[in-house]
Amino acid sequence: MKHLTAVTFDENARQALLDPQLRGALRNLATVFGDRRKVAVTTVPDWEGLRERARAIKDETLAHLDRYLEAFADNAAQAGAQIHWARDAAEACGIVLKLVRERNANKVVKSKSMATEEIHLNEALEAAGLFPVETDLGEWIIQLAQETPSHIVVPAIHKSKRQIAELFTEKLGIEPSDDVAVLTSAARRILRQRFAEAEVGISGVNFGVAETGTILILENEGNVRLTTSLPKVHIAVMGIEKIIPRLVDLDVFLKLLPRSGTGQRLTAYQSLITGTKKRSAEEGPEEVHIILMDNGRSRMLAHPITRQSLACIRCGACLNACPVYQQVGGHAYGSVYPGPIGAVITPQLIGLSKTAQLPYASSLCGACREVCPVKIDIPELLLHLRSEVVEGPASSMIEPAGRKPLERFIFRAYAFTWSRPRLYEWGGRVMRVLQRLAMRDGRIGKVGGFISTLLPPLGAWTAWRDARPLAPRSFREQWRDQQKDH
Ligand code: SF4
């Protein structure tokens, strides 16, 4: 499968709009998860208060992240975990590879983790001759299909049951069947064998508790529990923003995250891991390694507007609510993080030069902000990034997108004209004449009429929607007429 990039969001989106199967799958996602979320929210007496509390905890943590990270590292080390620090993706992959190689291991299982997707860990391990097996059903399907996830929580949402059945027949040699029970039992049989053989288990982390050095991982399939307890070595890759101060804070996030993501009151499994197993007879790994990864997060932390991006708990609710994501799906974003939060995080992770279209992949309707359990103001972030695209990176350290001379010229001319009343009025008159030349199928000057085709470059607007023509007389002219009459 061709892997899309964020550089070509517009083109990717056009292709996605032509895919009826994808559109059907996405409609389902929005209604199923969106509706379930609405019901789940009503089971919490003070949902808004809970959101406020979560945001306050995140803000407090981010304001003192250095202190909380040190406390987490100390407490996790005291419980027997080994802490590693990674500045970027290459360092994080290098640490994982070194740990696996030093143990002469070649059987690696993995649970779903956005952090490991972000650093392209599987590709790094495969380049070194290791083939980690994804154990989350959706991730495993994606791995078999050699595709990338299209949703933070439901990675294979773009695939239909029929497509999965065909994939299993082709890759696993099972009899063709569209019975979900048959497909899942085939997956279970094969994955159980991988778990039994595994020497190293790799996971992500949902929350790291500074007070105790505990990591929490949420899931529904039980594969995380097997990944983190059956192999002798467990490696957890964790972004530094996953820290929360106290164990009691989990109460807030455990109420918010499952309800926001999948509309569940609680996920089926919550694995709380504090260091290694304490006695040889106990279950659990003999070694626990936690890789604390920066990979651009310090840059986000440094700026007062972008800092809130780090409050994200990866619930996926903003994707389900977003009218753009609902139409084009996750692959169009060409990045590991799709949807509204992807349009915000990806430019900050890899720079605007490769992602300049993403901050524009939004109608700014605010649906994402409405559903976000930690009250991230995504539209504000998108506008901030748009200003970075146009003005350059004066206010942050994000790699610039490169300026577009024509666009800059147009906006400067616009600002120049709009700040001079006479010029503005004269410009309006000229535009009213010119629009008669530019209009092709429009009903000229008719109140309530529309222009359906404008000449380039304004034709980019009317390619997808109609434009209103300027009124035959401006407000100022009508005002003057009225004054004369009195
Ligand atoms: S931005 Fe908010 S809604 Fe979107 S994934 Fe993050 S926490 Fe969830």
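These are my notebook entries on the sheets, one helix pair and one salt bridge of this predicted model.

**Entry 1, the six-stranded sheet.** I started with the strand order. The sheet is open, has six strands and runs β1-β10-β7-β4-β2-β3. I noted its pairing as parallel. I then looked up the edges, which are β1 (82-86) and β3 (133-134), each paired on one side only.

I followed the β3 edge inward. β3 pairs with β2, residues 108-110, in the parallel sense, and I found two bridges between them. For one residue-level landmark I took Lys110, whose bridge partner in β3 is Glu134.

**Entry 2, the helix across that sheet.** I asked which strands helix α5 lies across. Helix α5, residues 89-102, lies across β1, β2, β4 (200-203), β7 (233-239) and β10 (287-293). Its angle to β1 is about 145 degrees.

**Entry 3, the four-stranded sheet.** I looked up the other strand order here. Four strands make an open sheet, β8-β5-β6-β9, and the pairing is mixed. The edges are β8 and β9 (269-273), and each of these has a pairing on one side only.

In the interior I checked β5 (residues 207-209) against β6 (residues 214-219). They pair in the antiparallel sense over three bridges. Gly208 has Ile215 of β6 as its bridge partner.

**Entry 4, α9 against α10.** I took helix α9 (residues 161-172) and helix α10 (residues 180-197) as a pair. Their axes come within 11 Å and cross at roughly 40 degrees. Angles under 35 degrees would count as roughly parallel, so I recorded α9 and α10 as oblique to each other. The crossing of α9 past α10 is left-handed.

I listed the residues that make the contact. From α9 they are Lys161, Ile164, Ala165, Phe168 and Leu172. From α10 they are Val180, Leu183, Ala187 and Ile190. Sorted by class, this contact holds eight nonpolar residues, one charged residue and no polar ones.

**Entry 5, salt bridges.** How many salt bridges does the model have? With a cut-off of 4 Å between side-chain nitrogen and carboxyl oxygen, I have 24. Side chains of opposite charge can pair when their charged atoms come close.

I wrote up one of them, Arg314 with Glu241. The closest N and O atoms of Arg314 and Glu241 are 3.4 Å apart. Arg314 sits in the loop between α13 (297-302) and α14 (317-321), and Glu241 in the loop between β7 and β8 (243-244). The pair therefore ties together parts that lie 73 residues apart in sequence.

How values were computed. Residues are numbered from 1 along each chain as its sequence is written. This is a predicted model: local features need pLDDT of at least 70, side-chain atom pairs count only at pLDDT 80 or more; totals for chains, interfaces and linings use all residues. Side-chain values use heavy atoms; hydrogens and water are left out. Two strands pair if DSSP finds at least two bridges between them. Contact means heavy atoms within 4.5 Å. Axes are lines fitted to C-alpha atoms, for helices over the stretch in contact, and angles run from 0 to 180 degrees between N-to-C directions. Angles under 35 degrees count as roughly parallel, over 145 as roughly antiparallel, 65 to 115 as roughly perpendicular and the rest as oblique. A crossing is left-handed if the near helix is turned anticlockwise from the far one by less than a right angle, and right-handed if clockwise. Ala, Val, Leu, Ile, Met, Phe, Trp, Tyr, Cys and Pro count as nonpolar, Asp, Glu, Lys and Arg as charged, and the others, Gly among them, as polar.
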